[in-house]
Amino acid sequence: MAVVVYSKAGDGTGQKLAAALGVEANLDSDILYQEKLVGWGATQAITSRKRLNKAAAVRVASRKVGLWEMLGAEGMPTPQLATLEDYGKKIILWRTQNHAAGTDIVVQEIGEEIPTFIDGRIHYPVVYVPNDGEYRIWVWKGEVILAQRKWKTIAPCHEWIRSHWAWEGFTPQDLASPLYTNATNTVKLCGLDFGAVDVLRATNVSREKRYVVLEVNTAPVLREEDSLPLFVERIKGWMEE
């Protein structure tokens, strides 16, 4: 029997997934050995015979700036850290290492002074990417299994920050598009078995540079209407191997 091992950040979805699979759920700090593990955002290296999303791969995906550097070295479009020349000339988004669904973002608009932070966390500056859409591409073992697009909800939100927007699924088409190949390549480069990749569609750039990878979610929110049954089906198949 497999066990879903989740991080504290992914506990709600980890427990939801385990319940749908009919298996046990554990925090990654509460388990020493299991025959089969589903690593749901879990970064602790736990001894097991088989594991989906190994701890080292989850750690690679979770280090946002390091992820961008790795993808950039492969020629993939990613957000860029701001330089001294950018201040006062470009919109800067100040972020923390743990993105917290966008709630950590502080916007420094053109001409504004660098913000002062008193929360004790390390913040880093990212140049805002002009865009006309954000997507979440779900990848399982190299295959795109679901595509979602973000839409505005009635909740108030900054025009450049989509943390209060809702996901809407659509049928993936033209799988050769960089929208999908960038997502599958990102999951592969991280060494992950699965992941939900957030991608911006940048404006005023070439088609090859249009789809900018923001991050890989290794414990994404699961919905009964689409992502949950897709993951349950595939994980059950893996459990039976």
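**A walk through the helices and loops**

Ser29 has a relative accessibility of 47%, so it counts as partly exposed. That's our starting point, and keep in mind as we go that the model is predicted. You'll find Ser29 in the loop that joins strand E2 (24-27) to strand E3 (33-40). Now look for Ala42, which is 13 residues away from Ser29 along the chain: the C-alpha atoms of the two are separated by 9.0 Å.

Let's move to helix H1, which covers residues 11-21. Which residues of H1 are buried? They are Thr13, Gly14, Leu17, Ala18 and Leu21. If you look down the axis of H1, these buried residues fall within an arc of 135°, so they line one face of the helix. And what do the buried residues of H1 pack against? The list is strand E1 (2-6), E2, E3 and helix H5. Just after H1 comes Gly22, and its phi is positive, near 75°.

H5 deserves a closer look. This helix runs over residues 227-239, and it packs with H1 at an angle of about 60°, the two axes being 10 Å apart. An angle between 35 and 65 degrees is neither roughly parallel nor roughly perpendicular, and H1 and H5 are therefore oblique to each other. Their crossing is right-handed. On the H1 side, the contact is made by Lys16, Leu17, Ala20 and Leu21. On the H5 side, it's Leu228, Phe231, Val232, Ile235, Lys236 and Met239 that take part. Sort the residues of this contact by class and you get eight nonpolar, two charged and no polar ones.

Next up is helix H3, residues 64-73. Its buried residues are Lys64, Val65, Leu67, Trp68 and Leu71. Why do they sit on the same side of H3? Because they cover an arc of only 155° around the axis. Turn to the face that points away from this buried side, and you meet the exposed residues Glu69 and Ala73. The buried residues of H3 pack against two helices, H2 (55-62) and H4 (178-190), and against two strands, E7 (123-127) and E12 (211-217). After H3 comes Gly75, with a positive phi near 80°.

How do H2 and H3 meet? Their axes come within 6 Å and cross at roughly 90°. That crossing makes H2 roughly perpendicular to H3. From H2, the residues Val60, Ala61 and Ser62 meet Lys64, Leu67 and Met70 of H3. By class, the contact of H2 with H3 has four nonpolar residues, one polar and one charged.

Two residues are worth a stop here. Trp68 belongs to helix H3, and with a relative accessibility of 5% it counts as buried. Compare its place with that of Thr43, 25 residues away along the chain: their C-alpha atoms are separated by 19 Å. The other residue is Thr186, which is in helix H4. Is Thr186 buried or exposed? At 0% relative accessibility, it counts as buried. If you leave aside its neighbours within four places in sequence, Thr186 is in contact with Leu67, Leu71, Met76, Val213 and Val216. You've already seen Leu67 and Leu71 among the buried residues of H3.

Last, let's check a pair of backbone angles. Most residues other than glycine have a negative phi. Asn53 is not a glycine, yet its phi is positive, about 60°. Where is Asn53? It lies in the loop between strand E4 (47-52) and H2. Being in a loop doesn't put this residue on the outside: at 0% relative accessibility, Asn53 counts as buried. Lys141, also not a glycine, has a positive phi of about 50°. You'll find Lys141 in the loop between strand E8 (131-140) and strand E9 (143-151). With 45% relative accessibility, Lys141 counts as partly exposed.

Notes. Residues numbered from 1 in each chain as written. Predicted model: local features only at pLDDT ≥ 70, side-chain atom pairs only at ≥ 80, totals over all residues. Heavy atoms only, no water. Buried < 20%, exposed > 50% of the residue type's maximum accessible area, 1.4 Å probe, protein only. Helix = DSSP H or I, 4+ residues; strand = E, 2+ residues; numbered from the N terminus. Arc of directions from axis to C-beta. Contact = heavy atoms within 4.5 Å. Axes fitted to C-alpha atoms, helices over the stretch in contact; angles between N-to-C directions. Parallel < 35°, antiparallel > 145°, perpendicular 65-115°, else oblique. Left-handed = near helix turned anticlockwise from the far one by under 90°. Nonpolar A, V, L, I, M, F, W, Y, C, P; charged D, E, K, R; others polar.
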